[in-house]
Amino acid sequence: LNTPVGELGRPDLDANATWRQTKAFARAFVERGVRGVILGMPTLSSALNVAVNLYGQRILEAMLLEPEAARRDLRVINDVICDLHRWYLDAVPHEQLQCIVPGGRCQPPGFGQLCGCTCQVLSAEQYREFVAPLDDELLSLYPHGGMIHLCGTHTQHLQLWRETKPLRSVQMNDRAAEHLESCFGGLRKDQVLYVNPCPRMPIERILQITGGRRLVLAADLKGPP
């Protein structure tokens, strides 16, 4: 967008052809009454991710220079994302609904998910002030809370995530997985870790750190690790 931060308008979802088609697909899935099959939602991401997609670095600058404008647009985005989640929660049986379905992120019924990719570029103070309440609000829509996806450095937020009641699981891949030890020790005992192995965090090290506790190992295994 080229418009100033602080002037973002809410989209007219009823007039959006893609959203109408998406709803029609979900309704057709439900009407067929098929069991044992899950419906994966479109990736609804998160307020911060979408804001950066729309504005680039200007939304980050606005957090420093025009905080009320940044806060307003993040609120508009999160309200829309939450409305989309609510629609799916109302339209699709919870036992067949998954927020995102790459192998290694599926959760039990009644859990949500948001993408925390961009939180790596925020300080703990910025995240707490501008983004954390929105993420909390989104995950709280689900009966059991839900997951945040991470793919970058994130350890500055561990204390806040430990305090976030609806955050029930953390999914880590790439650079985020390299911080598994800090995450395992810094989060609550009831927060489950979904970990994708990577060259600097192989399966053997993952199991050494966790002892297999609070762990979903998101890997294709050819044999016993």
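**Exercise 1. The surroundings of Asn-196**

Task: In this predicted model, determine which residues Asn-196 touches, leaving aside those up to four places away in sequence.

Solution.
- Step 1. Apart from residues up to four places away in sequence, the contacts of Asn-196 are Gln-171, Met-172, Asn-173, Ala-177 and Ala-218.
- Step 2. Asn-196 itself is situated in the loop that runs between β6 and α8.
- Step 3. The relative accessibility of Asn-196 is 21%. Buried residues are under 20% and exposed ones over 50%, so Asn-196 counts as partly exposed.
- Step 4. A distant point of reference is Phe-130, which is 66 residues from Asn-196 along the chain; the two C-alpha atoms are separated by 29 Å.

**Exercise 2. The two sides of helix α8**

Task: Establish which residues of α8 are buried, and which exposed residues the face turned away from them carries.

Solution.
- Step 1. Helix α8 comprises residues 203-210. Its buried residues are Ile-203, Ile-206, Ile-209 and Thr-210.
- Step 2. These four residues cover an arc of only 130° around the axis, and therefore they lie on the same side of α8.
- Step 3. A general rule helps in reading this pattern: an α-helix has 3.6 residues a turn, so residues three or four places apart point the same way.
- Step 4. The face turned away from the buried side bears Glu-204 and Gln-208, both exposed.
- Step 5. The packing partners of the buried residues of α8 are α7, β6 (192-195) and β7.
- Step 6. Leu-207 also belongs to α8. Its relative accessibility is 30%, and so Leu-207 counts as partly exposed.
- Step 7. From Leu-207 to Leu-217 the sequence distance is 10 residues, and the C-alpha atoms are 9.0 Å apart in space.

**Exercise 3. Positive phi values**

Task: State what phi values Gly-211, Arg-214 and Asp-174 adopt, and where each residue lies.

Solution.
- Step 1. The background is that most residues other than glycine have a negative phi.
- Step 2. Gly-211 follows just after α8 and has a positive phi of about 65°.
- Step 3. Arg-214 is not a glycine, yet its phi is positive, near 55°. Arg-214 is found in the loop between α8 and β7 (215-217). With a relative accessible area of 15%, Arg-214 is buried.
- Step 4. Asp-174, likewise not a glycine, has a positive phi of about 55°. Asp-174 occupies the loop between β5 and α7 (180-186). Its relative accessible area of 47% makes Asp-174 partly exposed.

**Exercise 4. Arg-168 in its strand**

Task: Locate Arg-168 in the secondary structure and list which residues Arg-168 touches, leaving aside those up to four places away in sequence.

Solution.
- Step 1. Arg-168 is part of strand β5, which covers residues 167-172.
- Step 2. A relative accessible area of 28% makes Arg-168 partly exposed.
- Step 3. Not counting residues up to four places away in sequence, Arg-168 touches Phe-111, His-144, Gly-145, Gly-146, Arg-188, Asp-190, Gln-191 and Val-192.
- Step 4. Ile-38 is 130 residues from Arg-168 along the chain, and their C-alpha atoms are separated by 21 Å.

**Exercise 5. Helix α3 and its cover**

Task: Identify the buried residues of α3 and name elements that cover them.

Solution.
- Step 1. In α3 (residues 58-65), the buried residues are Ile-59, Ala-62 and Met-63.
- Step 2. Because they cover an arc of only 105° around the axis, these residues are on the same side of α3.
- Step 3. Leu-64 and Leu-65, on the other side of α3, are exposed.
- Step 4. The cover over the buried residues includes α2 (47-55), α4 (67-91) and α5 (124-139).

**Exercise 6. The protein as a whole**

Task: Decide how the radius of gyration of the protein relates to that of a compact globule, and describe the overall composition and charge.

Solution.
- Step 1. For 225 residues, a compact globule would have a radius of gyration near 17 Å; the protein has 18 Å, which agrees.
- Step 2. The C-alpha trace spans about 50 × 50 × 30 Å along the principal axes.
- Step 3. The protein contains eight helices and seven strands.
- Step 4. Buried residues make up 48% of the 225.
- Step 5. Of the contacts with a separation of 6 or more, 65% are between residues 24 or more positions apart.
- Step 6. The accessible surface is about 11,300 Å², and carbon and sulfur atoms contribute 52% of this surface.
- Step 7. There are 24 positive and 24 negative side chains; the centres of the two sets are 6 Å apart.

Methods: Residues numbered from 1 in each chain as written. Predicted model: local features only at pLDDT ≥ 70, side-chain atom pairs only at ≥ 80, totals over all residues. Heavy atoms only, no water. Buried < 20%, exposed > 50% of the residue type's maximum accessible area, 1.4 Å probe, protein only. Arc of directions from axis to C-beta. Contact = heavy atoms within 4.5 Å. Rg over C-alpha atoms; globule rule 2.2 N^0.38 Å. Areas by Shrake-Rupley, 256 points an atom, 1.4 Å probe, with all protein chains shown as cover. Lys, Arg positive; Asp, Glu negative; His and termini not counted. Charge placed at Lys NZ, Arg CZ, Asp CG, Glu CD.
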